[in-house]
Amino acid sequence: MATYPRGNSRLRALAARLSGSWRMSRSNFELWANLLVIVAAAGFMLWRGPGFAISVGTFVAIWAILAVSLNLLVGYTGLLSVGHVGFFGIGAYTMAILTSNPAYEQLRTEALPIFAWPFFAVLPICMAVAGLVAIAIGVVFNRFRDDIFVLVSFGFAVIAFNVFLNWEGLTRGAFGIHQIARPAIGPWVFDGEVEFLLLVVFFLGLVVLACWFIVTSSFGRVLAAIREDEEAIAVFGYRVVHYKLAVWVISAMMAGLAGGLFASYTTFIDPNSFILLESILLVSIVILGGLSSIWGSILGAMAFVLLEEGMRFVPFLPTEFIGQARQVVLGLLLVALMLFRPQGLVGRYKL
Amino acid sequence: MRLLSRKWVVPFGLLIILVMAVAACNGQGDKPFRIGVMESLTGPGETYGNVALQAKQMAVDEINEAGGIDGRMIELVVEDSKCSAQDAITAYNKLTDVDGIKIILGTSCSGAMLGAAPLAEKDGVILFSGLATNPDIAEAGDYIFRTSMSDAQLGVDTGNLLWADGVRKLVTITEATDYAEGVRRTTVAQFEKRGGEVVGAERYASDVTDFRTQLTKLFGENPDALHISAQAEFAGGTIVKQGRELGYDGPIYSEIVAVGKTALDIAGDAATGMKAVVADISPENAKGQEVLTNFQERYGEITLAWYLGSAYDDVYIAAECLKETGDDQDADGFRDCMYEVTWSGAIGENYSFDEKGEVVGLTNVVVQVLPAAERTVDNQGYNVLGSAPSE
């Protein structure tokens, strides 16, 4: 771990700027107003149907893991990646392939191996596979910066999707994989929705802790310095490449974890869950919540999923136009949010 | 900007709460039968989903105008399942948990169906689709029904047709989606079982618009016939057009997508003579023709004729079973009724459901595309040659 050099004025100025961002110095009025709306929406859903609220809550927590991990890259290190969904998919497919135990496979013309391993044994593998892929491509991606990095991460998302779609011997291609295992400890299966929600929230807690640890450590300060001025920090002898690779891999592993949870929760996945659009949504969640704010990413995921699911309750729409009308309202709300709070719900920086 | 934001956030929040509160109160009155509908209203399957929803709404309005079921109206509660497992799960939970619905008509996409089916099976909720064709759905459970025919049936019929027409060397071009790929696999399986040989196979992603390279490669194998399996009409029509432009003059076989209206418009005269195995509303089926006429009148345009008929029939079958059980909360009674019911509607006569919830008594037909000048709205651009050869 790098130590923090005291004698340099430029770094000290940087540090002062950064530590300022931790203090909640600004008026928190907007934050509380936003929170109030979200809590009201969540409460409303709980009141109307607890089961529905729980399943929405589970997706919120999974998206929150993704958003927090992406924020490590986008917010804290300044690497704008739109390839995050690739790692999410790798985690999901690892979980699906290793735990799926279908009783029937009418279209399975190739004899695919069935592993049927337990969930908790596979979850670390999901993270490991995502991490290994991240190392492999990270070595190459590290050569790129700024706009070019966005483009290559875009390329990664497209390639990942096409691998899911076309490597039929492994992923069953467009048919998807079903009968993915739910977690079980001995005889106790996490079949109920509440147990699964608690499990996901537990992992979200771990991810948040890990992120908090990273961004407050000296490692995190170097990441912030990379975001502010990569050359400057390199001049002081930091191997920028190593730091970027490390955070890239950590972030990918967290996305792999989210993927494993997602596959297990839906029990069915196909490549359509891992299209590029999901990545764009994820980046919007991070920006919506606020760059370099863990809390902001969680809030962003909540706001986004609750807005979208809340649209199901908008009344007075003729049935023929329901789907489209909801999309329009959602889009308008997002535009309004960005107009009034371009720095995100609790963020400090604009992109 | 901050001041503005401070001023507006509270009224904005209150507005959302108000809207939701109004939504909460919006559901009182006399007691209609409440049926859930899950379709892909946005996203990749939206053409299918919106047609299905329109057909269902039309059927419900007809039933309600005729006095409902023993005086009780039908009310549809519509949710968007977006062709994805995740959205199908939240849509399903919203319908069952918030609206307390036990009978759901949907979905339009197999992926969404396979996402929600395990939940429906566990909770004992009916999931009844008019459009999902993935063969795996047959095994999804006791509460899962469909009037759409499995891809497996279509593949067997197409394989037999190819063999009966004297095709021995086949090349295939397929869109990489579950439907198109399912059609290709089952077709090829049956064709090879009969003794045929597949000498070339190409796949394309859904956003591709130029197929010349792939087609040139396929035609280099000197095939007896080309089989097209597409998910989108645009691609289906373009393949036919580009194939003929490359000088291929052998027979072309396909399924319903490549003989859809948009596909035929794109292909023009290149499609003339092309054969397809489709689920089709027979011209002799008076009920089917009446439904199409009404649909044309109400919405101005007919797309996916068979699927809209299927979605339309689903509502009437559901109404029949609701009449018998008299309770929209009685999913078990509804399920038992479904296994008993024999129905004659828009898509066929005297069809019923087997022990897997699969429709039996419907058949595919072979159609041949007419020259561009002879295509009309009434003949949909093709001649019906008769039912597919069995052996």
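**Helix packing in chain A and the domains of chain B**

In this predicted model, helices α4(A) and α11(A) are oblique to each other.

User: Why are α4(A) and α11(A) called oblique to each other?

Analyst: Helix α4(A) packs with helix α11, residues 240-266 of chain A, at an angle of about 50°. Roughly parallel requires an angle under 35 degrees, and roughly perpendicular runs from 65 to 115. An angle of about 50° belongs to neither range, so the pair counts as oblique. The axes lie 6 Å apart, and the crossing is right-handed.

User: Which residues make the contact of α4(A) with α11(A)?

Analyst: On the side of α4(A), they include A:Phe87, A:Gly91 and A:Met95. On the side of α11(A), A:Ala255, A:Gly259 and A:Phe262 are among them.

User: What classes of residue are found in the contact of α4(A) with α11(A)?

Analyst: There are twelve nonpolar and eight polar residues, and no charged ones. Gly is counted as polar, and A:Gly89, A:Gly256 and A:Gly260 are among the contact residues.

User: What makes α4(A) oblique to α5(A)?

Analyst: Helix α4 (residues 84-99) and helix α5 (residues 119-141) of chain A pack at an angle of about 140°. To count as roughly antiparallel, an angle must be over 145 degrees. The angle of about 140° does not pass that cut-off, so α4(A) is oblique to α5(A). Their axes are 8 Å apart, and α4(A) passes α5(A) in a right-handed crossing.

User: Which residues of α4(A) meet α5(A), and what are the classes in that contact?

Analyst: Among those of α4(A) are A:Ile90, A:Thr94 and A:Leu98, while α5(A) contributes residues including A:Val122, A:Cys126 and A:Val129. By class, the contact holds twelve nonpolar, three polar and no charged residues.

User: How many helices and strands does chain A have, and what share of its residues is buried?

Analyst: Chain A has 14 helices and four strands. Of its 351 residues, 48% are buried, the criterion being 20 or more other C-beta atoms within 10 Å.

User: How are the domains of chain B assigned, and what separates their centres?

Analyst: Domain 1 of chain B covers 33-149 + 285-360, and domain 2 covers 152-278 + 365-387. Their centres, taken over C-alpha atoms, are 29 Å apart. Each of the two domains gives nine residues to the contact. On the side of domain 1, α4 (110-123) and α11 (305-325) of chain B each give two or more residues. That side has four nonpolar, five polar and no charged residues.

Notes. Residues are numbered from 1 along each chain as its sequence is written. Chains are lettered from A and ligands numbered from 1 in the order in which they are written. This is a predicted model: local features need pLDDT of at least 70, side-chain atom pairs count only at pLDDT 80 or more; totals for chains, interfaces and linings use all residues. A residue is buried if 20 or more other C-beta atoms lie within 10 Å of its own, exposed if 12 or fewer, and partly exposed in between; C-beta atoms are placed from the backbone. Domain bounds come from an automatic or database domain assignment. Two residues are in contact if their C-beta atoms, placed from the backbone, lie within 7 Å. Axes are lines fitted to C-alpha atoms, for helices over the stretch in contact, and angles run from 0 to 180 degrees between N-to-C directions. A crossing is left-handed if the near helix is turned anticlockwise from the far one by less than a right angle, and right-handed if clockwise.
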